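Dear colleague,

I am handing over the structure we spoke about, and would be glad if you could read the notes below with the model open beside them.

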Amino acid sequence: DWIIFDMSSFRPLTEVPKSKVVGEAVNLDVSTSSCLSLQPRVADVYETATVSVRMSLMPGAGEGLFAKRTIYAWEYCAWYNGTRCTHQDVNARNWEECSNTITLDKRVVLDVPRPFARAKVYCATLGHKANHHRPNNARYEAFEHPRFGMIKCVQAITRIRPGEEVCVDYGYGSERPAWYTDPELDDAATGKAKAPGRGGAGSG
């Protein structure tokens with residue numbers, strides 16, 4: 001089914017006013033366990049005006065997400081859609097196969113499969129392009145999108161200036177990929193005392 005929605009409120013419109021264009025026609029496109037998107041290269045209008053993808057400023061991080069305009073605290077930066085996997089399926093994988101996974105709820109993990117990881121292949125949502133860094137300027141939150149259904153969003157937690165990279169804290173626990181470093185976790189694993197106010201940063 002095709003829907004028209006108002007990009008300012010993200011609410012579907014039951015009637016399209018004739019006086020002006022108020023929305024963008026898109027296909028209702030809720031992912032499944034085997035299908036990421038029916039329109040993988042149809043970009044989201046809000047994201048197009050808000051963020052762009054280019055090489056990250058962090059060495060070895062690959063592509064990153066950057067603000068195209070000033071994004072104020074608590075504004076949305078981008079959406080994070082993915083195929084809908086179970087936690088059991090994801091836990092059975094190697095870390096290398098989980099580079100674009102994120103927990104949606106107790107039952108579902110969203111995953112952007114590796115063939116779709118690059119923006120030139122999949123650009124319907126760009127939230128998976130936000131790299132890890134501490135201190136972070138954005139966070140993940142659940143969001144019900146009129147096109148993609150219940151997914152995750154990247155939400156600013158402070159003002160992000162045009163051209164600034166949008167970064168989140170991945171928040172891995174004791175199970176984490178090799179590239180992820182966290183002094184507090186590392187000290188706990190080696191029995192060292194935690195230094196007051198100590199932090200860490202990484203790239204992903």
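What follows is an account of what was found in this structure, from the whole chain down to single residues.

The model is predicted, so local features are given only at pLDDT of at least 70 and side-chain atom pairs only at pLDDT 80 or more, while totals for chains, interfaces and linings use all residues. Residues are numbered from 1 along each chain as its sequence is written, and side-chain values use heavy atoms, with hydrogens and water left out.

The whole chain

The chain has three helices and 13 strands, where helices (H or I, at least four residues) and strands (E, at least two) are DSSP runs numbered from the N terminus. Of its 204 residues, 41% count as buried; buried means under 20% relative accessible area, exposed over 50%, and partly exposed in between, with a 1.4 Å probe and protein chains only. The chain exposes about 11300 Å², of which carbon and sulfur atoms supply 53%, the areas coming from the Shrake-Rupley method with a 1.4 Å probe. Taking contact to mean heavy atoms within 4.5 Å, residues 24 or more positions apart account for 61% of the contacts in the chain that have a separation of 6 or more.

A search of the whole structure for disulfides (a pair of cysteine sulfur atoms within 2.5 Å) finds zero. As for two of the cysteines, Cys35 is partly exposed because its relative accessible area is 27%, whereas Cys123 is buried, with a relative accessible area of 17%.

The sheet of β7, β9 and β8

Three strands form an open, antiparallel sheet in the order β7-β9-β8, two strands being paired if DSSP finds at least two bridges between them. β7 (83-86) and β8 (101-103) stand at the edges and have a single partner strand each, so one side of each is left without a neighbour in the sheet. Neighbouring strands of this sheet are turned by 35° against each other on average, direction ignored; the axes behind that angle are lines fitted to C-alpha atoms, for helices over the stretch in contact, and angles run from 0 to 180 degrees between N-to-C directions.

Four bridges join β7 to β9, and three join β8 to β9 (residues 108-111). Asp111 in β9 stands opposite Thr83 and is also the bridge partner of Thr101, while Val109 in β9 stands opposite Thr103. A hairpin through four residues joins β8 to β9. Val108 and Leu110 point one way from β9 and Val109 and Asp111 the other way, and all are buried.

Two lysines in loops

Lys129, in the loop between β9 and β10, counts as buried because its relative accessibility is 9%. Outside the residues up to four places away in sequence, Lys129 touches Val53, Glu63, Gly64, Leu65, Ala117, Arg118 and Ala119. Lys129 and Gly62 are 67 residues apart in sequence, yet 9.0 Å apart in space, C-alpha to C-alpha.

Lys68, found in the loop between β5 and β6, is partly exposed, with a relative accessible area of 44%. A polar atom of the Lys68 side chain lies 2.6 Å from the backbone oxygen of Thr48, and Thr48 is among the residues that Lys68 touches, as are Val51 and Pro162. Lys68 and Glu165 are separated by 97 residues in sequence and by 9.7 Å in space, C-alpha to C-alpha.

Asn137 and its surroundings

Glu165 appears again at Asn137, where its backbone oxygen lies 2.9 Å from a polar atom of the Asn137 side chain. Asn137 sits in the loop between β10 (131-132) and β11 (138-145) and counts as buried, at 8% relative accessibility. The side chains of Asn137 and Glu164 are joined by a polar contact of 3.4 Å; a polar contact is a pair of N or O atoms within 3.5 Å, and within protein one must be able to donate a hydrogen and the other to accept it, with residues adjacent in sequence counting only if both atoms are side-chain atoms. Beyond residues up to four places away in sequence, Asn137 touches several others, including Ala156, Ile160 and Cys167.

Backbone points to check

Most residues other than glycine have a negative phi, and most peptide bonds are trans. Trp74, in the loop between β5 (63-67) and β6 (76-80), has a positive phi, near 80°. The peptide bond from Arg134 to Pro135 is cis, with omega near 0°, and Pro135 lies in the loop between β10 and β11.

With best regards
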